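Q: Please take a close look at the salt bridges in this model. Where do they sit, and how do they relate to the sheet and the helix?

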Amino acid sequence: MSAAVEFSTVIDGEQVQGWIVKDGKSYRAYAEFRGERIDVRGSTKSSAESKWREEANHKANE
């Protein structure tokens, strides 16, 4: 794995800090949201971050 890059986003009015790391041939984005760790993979940094936001938005709307 390479060094983690921080990302910041707002989900349902909550500021969330997360991390993106290169893990083999893919990228992994992870962060805690409402007491649960969301951990997703994507083929690029931006796709991993986008997938993380989708998962967090889904959790926010449950």
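A: This is a predicted model, and it holds seven salt bridges. Three of them are described here, followed by the sheet and helix around them.

Arg34 and Asp12 form one of these salt bridges, with 2.6 Å between the closest N and O atoms. The pair links distant parts of the chain, 22 residues apart: Arg34 is in the loop between strand 3 (26–33) and strand 4 (36–42), and Asp12 is in the loop between strand 1 (5–11) and strand 2 (14–23). Arg34 has a relative accessibility of 39%, so it counts as partly exposed.

A second pair is Glu36 and Lys59, whose closest N and O atoms are 3.2 Å apart. This salt bridge also links distant parts of the chain, since Glu36 is in strand 4 and Lys59 is in helix 1 (residues 45–60), 23 residues apart. Glu36 counts as partly exposed because its relative accessibility is 43%. Lys59, at 18% relative accessibility, counts as buried, the cut-off for that class being under 20%.

Within helix 1, the side chains of Arg53 and Glu49 meet in a salt bridge at 2.7 Å, N to O. Both residues lie in this helix, four residues apart, which is about one turn. Arg53 counts as partly exposed at 30% relative accessibility, whereas Glu49 is buried, with a relative accessible area of 18%. Salt bridges that share partners also join Asp12, Glu14 and Arg34 into one network.

The strands named above belong to an open sheet of four strands in the order 1-2-3-4, with antiparallel pairing. Strand 1 and strand 4 stand at the edges and have a single partner strand each, so one side of each is left without a neighbour in the sheet. From one strand to the next, the twist averages 25°. Seven bridges pair strand 3 with strand 4 in the antiparallel sense; Ala29 has Val40 in strand 4 as its bridge partner. Helix 1 packs on the sheet and touches strand 1, strand 2, strand 3 and strand 4, and its direction makes about 145° with that of strand 4.

Taken with the packing, the Glu36–Lys59 salt bridge is a link between strand 4 and helix 1, and helix 1 also touches strand 4. The Arg34–Asp12 salt bridge instead links two loops, one between strand 3 and strand 4 and one between strand 1 and strand 2.

Methods:
Residues are numbered from 1 along each chain as its sequence is written. This is a predicted model: local features need pLDDT of at least 70, side-chain atom pairs count only at pLDDT 80 or more; totals for chains, interfaces and linings use all residues. Side-chain values use heavy atoms; hydrogens and water are left out. A salt bridge is a side-chain nitrogen of Lys or Arg within 4 Å of a carboxyl oxygen of Asp or Glu. Buried means under 20% relative accessible area, exposed over 50%, partly exposed in between (1.4 Å probe, protein chains only). Two strands pair if DSSP finds at least two bridges between them. Axes are lines fitted to C-alpha atoms, for helices over the stretch in contact, and angles run from 0 to 180 degrees between N-to-C directions. Contact means heavy atoms within 4.5 Å.
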